Amino acid sequence: MDYRSHMRTFAALLLLPTLAAAQAPLHQQIADIAKDAKGTVYVACSLPGAALDCNVNAHGHPPMQSTFKFPLALAVFHQIELGKLQLDQPVRFLKSDRSVTHSPLQDEFPEADVDVPLRKIIRLTVETSDNTAADIQLRLIGGPAVLQAYLDSLGLSAIHQQDNEHTMHLDQKLQYRDNAEPAAMVALLRRFADHSPLNAEHTALLNSWMIEASSGPKRIKGQLPKDVPVAHKTGSSGEEFDRIPATNDVGLITLPDGRRLALAVFVTDGHADQDTCEAVIARIAKAVYDAALATKR
């Protein structure tokens with residue numbers, strides 16, 4: 001064998017693991033990727049007209065963290081459509097609403113005691129994952145029990161919300177009871193994409209805010225082509241006790257043929273670092289996206 005033939009053979013051997021991974025069943029690809037988080041990974045997805053073998057622990061109960069802000073926005077828009085609230089009504093940002101958690105609203109108005117349009121409060125919650133803005137919305141609609149009743153009315157009682165951001169940050173153990181089956185979150189995304197419970201105007205507005213979200217650029221969007229629209233909502237716990245309780249992302253990925261792939265990935269109690277947990281989500285999203293591209297309408 002001459003030198004060039006030897007090098008071609010050597011290069012082909014180097015490619016074998018990559019080719020094997022690409023040809024492995026989707027479920028196995030996801031399971032292999034998930035190991036890097038050194039925790040528990042939950043995955044569910046749905047694509048119209050396709051059967052993707054992507055579910056891993058799809059009926060488990062990982063903590064939602066801020067992914068709950070997607071159903072929260074739906075519930076608030078529902079109240080608007082019932083006439084109980086108005087999208088551009090002024091809402092008082094009370095001093096009692098302030099907290100020590102992430103809040104661009106509070107950064108803008110550190111002393112509170114100002115009126116803020118409800119539209120801005122919802123947008124900040126969805127686009128920047130503003131915790132104070134989320135709690136203001138829960139206060140407006142009547143608390144987590146009202147959000148839960150709305151989810152129950154949609155047949156999605158497998159999404160559980162009992163706390164607001166303020167109380168959850170006072171006791172991090174509470175995040176484990178504010179959980180969601182990934183399959184239920186995907187069902188909600190599917191409902192939003194296909195037969196939205198909101199009117200067309202509000203559906204388009206919420207969808208645009210989710211696409212413009214600044215949080216989680218290294219999660220579902222991390223390894224996808226830059227021009228692929230991703231309407232998503234992240235959830236993050238931060239690190240505690242040498243683990244990361246929640247690194248999450250749920251959303252709708254628009255394929256080139258117009259179909260929308262619903263995907264939920266929750267990384268729970270990861271003992272890997274945050275970058276690795278985020279990379280696990282990105283790699284799973286890419287594997288599911290590639291599998292979806294291979295399907296036909």
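In this report, two residues are said to be in contact when they have heavy atoms within 4.5 Å of each other. The structure is a predicted model, in which local features need a pLDDT of at least 70 and side-chain atom pairs count only at pLDDT 80 or more, while totals for chains, interfaces and linings use all residues. Residues are numbered from 1 along each chain as its sequence is written, and side-chain values use heavy atoms, with hydrogens and water left out.

The protein chain holds eleven helices and six strands, which are DSSP runs numbered from the N terminus (helices: H or I, at least four residues; strands: E, at least two). Some values for the protein chain are set out below.

| Property | Value |
|---|---|
| Box filled by the C-alpha atoms, along the principal axes | roughly 80 × 45 × 30 Å |
| Buried share of the 297 residues | 52% |
| Share of contacts between residues at least 6 apart in sequence that join residues at least 24 apart | 68% |

Here buried means under 20% relative accessible area and exposed over 50%, with partly exposed in between (1.4 Å probe, protein chains only).

Helix α7, which runs over residues 144-153, shows how burial can be arranged along one element: its buried residues are P144, L147, Q148, Y150 and L151. They cover an arc of only 160° around the axis, and therefore lie on the same side of α7, where the arc is that of the directions from the helix axis to the C-beta atoms. The cover over these buried residues includes α3 (69-81), α6 (131-141) and α9 (182-194). On the face of α7 turned away from its buried side are the exposed residues A145 and S153, and α7 is followed by G155, whose phi is positive, near 80°.
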